[in-house]
Amino acid sequence: MQFTKEQLLKLYSNLVRTRAFDQAAVRLNAEGKLFSFYHPALGGEAPGVGGTTFLRKDDVVYPHLRGHGFPHLIGKGCDPKTYLAEHCGRATGSGKGLGGVHAEYPELGIFGGGGTIGSAFPVSVGWGVAAKKNGWGQVVVCFFGDGSSNRGTFHEAANMAAVWKLPVVWVCENNGVAQYVPIKDAYPLDDIASLGAGYGMPAVVVDGQDVVAVAEAVMAAVERAREGHGPSLVECKTLRFGAHGIGNPDKIHGQPRDPEELEAMRRRDPVELFRSRLLEQGVLTPEDIERIDGEAQREVEEARRFIDESPSPDDPSLLDRALYAD
Ligand SMILES: Cc1ncc(C[n+]2csc(CCOP(=O)(O)OP(=O)(O)O)c2C)c(N)n1
C-alpha cells in the first residue's frame, strides 16, 4: 500500500499527539488528578496509531490497555479532551466521569476495554457477526497484548471468527513482556503470528516500531475482511519503555530490567524513527515538525483547561441515570 504525503503526515501527527496526551496523563497522575490507574504507552504507540488512522468511522475498535487506548482513540478521530476528562473522573468525560479508563465512544465505533484482559475477544466475534449480517462492509479490529494471547478466549474467538469468515482483524501488540513475565516463559514459539496457521487465517509479523509497516499490514487485513475473505492476524513486535503501569516496579520476575537493553530500546522510539525517515524523504520539513509539535501541545493545554473547568460527577443519582434508561 502506497501512502500519500498527506496520509504520512496524518500518521506522524497522530503519533505526536498520542505521545503528548500519554505524557499529559502521566503528569496528571503525578499531580493527583487521575481518577484511576494508568498504563503508559511510551515506546509502544505505533501499533494503535498505525492500526486505526485509516479505518472507516463505522469500523469497530477494541483498544489495548497500553496507553489506555490513546493511540487507538486518537487514530480513530476521537477528541481526546473528553477522554482525558474521563480519566480524571470529570462529568464532561465520555462516560460522565464514571468509567475512568474503560471509556467508550460508540458513535466512533470505539468500545471500552474491560479490566479483564482477553474479554474483548468474544465480543469482537459478536460484532463480527453483526457486521457480516448488516452488509455495510464494517470491519472489527481487536487489539491485544502478548499477555492475553494465551487466554482461552482468544483461541475460541479466533476459531469461531475463522469458521464463520467474520470481518475481524486481530492485532497483537507484542512488547515481549506481560506485566512481569517475559513472553518466552508463557509461549513456546518466537512468533504469536504462528497461531494463525492453527485457525486457517493469514498472519504476519511486522516491526511494531514502524508506524507505516503497521498501517500497511493492518489495512491489507482490513481490506481483505471488508471483501468478505474473513479474519487475519497481525503481530506487531513492539516495545514498552517503562514499567507495566504507573506505580508498578519496572521489574521482570522480580529483577530490574537491564539498563543496556532499555537504552537500546529507547533508540527505537517510534516517533523519532518516523520523524527521521520523513525528514530524509523530504516529506517533513523542520517547520512542519515545529508546527505539529505546537499543535499537539496546544491541544493538550486546552484539554487540561477543560478538565480544570469541568465539574466532578457529584450528583448521587448520576450512577442510576447512567446505568438505567428512563
Ligand atoms: C484475566 C486477567 N488476568 C490477569 C490480569 C492482570 N493483568 C492486567 S494487565 C496484565 C498483563 C497484560 O500483558 P499484555 O497484554 O501483554 O500487556 P502489556 O502489559 O505487555 O502491555 C495482567 C496479567 C487481568 N487484568 N485479567
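In this predicted model, helix H1 and helix H11 (residues 286-309) cross at roughly 40°, and their axes come within 9 Å. The crossing of this pair is right-handed. On the H1 side, the contact is made by Tyr 12, Ser 13, Val 16, Arg 17, Ala 20, Phe 21 and Ala 24. H11 contributes Ile 292, Asp 293, Ala 296, Gln 297, Glu 299, Val 300, Ala 303 and Arg 304. Sorted by class, the contact of H1 with H11 holds nine nonpolar, two polar and four charged residues.

H1 also packs against helix H10. H1 spans residues 5-30 and H10 spans residues 270-280. The angle between H1 and H10 is about 150°, and their axes lie 10 Å apart. H1 is therefore roughly antiparallel to H10, since angles over 145 degrees count as such. The crossing of H1 and H10 is left-handed. Leu 8, Tyr 12, Leu 15, Val 16 and Arg 19 in H1 meet a set of H10 residues made up of Pro 270, Val 271, Phe 274, Arg 275 and Leu 278. Eight residues of the contact of H1 with H10 are nonpolar, two are charged and none is polar.

A further partner of H1 is helix H4 (residues 80-87). Here the axes are 11 Å apart, and the packing angle is about 20°. H1 and H4 are therefore roughly parallel to each other, the limit for this class being under 35 degrees. H1 passes H4 in a right-handed crossing. Phe 21, Ala 24 and Ala 25 of H1 make the contact with Pro 80, Leu 84 and His 87 of H4. The contact of H1 with H4 comprises five nonpolar residues, one polar residue and no charged residue.

Some H1 residues recur in these contacts. Tyr 12 and Val 16 take part in the contact with H10 and in that with H11. Phe 21 and Ala 24 take part in the contact with H4 and in that with H11.

The model also contains a β-sheet. Five strands form this open sheet in the order E1-E2-E3-E7-E6, with parallel pairing. Strand E1 (60-62) and strand E6 (203-207) stand at the edges. Each has a single partner strand, so one side of each is left without a neighbour in the sheet. From one strand to the next, the twist averages 20°.

Within the sheet, strand E2 (residues 140-145) pairs with strand E3 (residues 168-174) in the parallel sense over six bridges. Phe 144 has Cys 172 in E3 as its bridge partner. Helix H5 (residues 120-134) packs on the sheet and touches E1, E2 and E3. The direction of H5 makes about 170° with that of E2.

Towards the E6 edge, E6 and strand E7 (residues 232-237) run parallel and are joined by five bridges. Ala 203 stands opposite Leu 233 in E7. Between E6 and E7, the chain crosses through helix H8 (residues 211-226). This β-α-β crossover is right-handed.

Note on methods
Residues numbered from 1 in each chain as written. Predicted model: local features only at pLDDT ≥ 70, side-chain atom pairs only at ≥ 80, totals over all residues. Axes fitted to C-alpha atoms, helices over the stretch in contact; angles between N-to-C directions. Helix = DSSP H or I, 4+ residues; strand = E, 2+ residues; numbered from the N terminus. Parallel < 35°, antiparallel > 145°, perpendicular 65-115°, else oblique. Left-handed = near helix turned anticlockwise from the far one by under 90°. Contact = placed C-beta atoms within 7 Å. Nonpolar A, V, L, I, M, F, W, Y, C, P; charged D, E, K, R; others polar. Pairing = 2+ DSSP bridges. Right-handed = clockwise from strand over helix to strand, strands pointing away.
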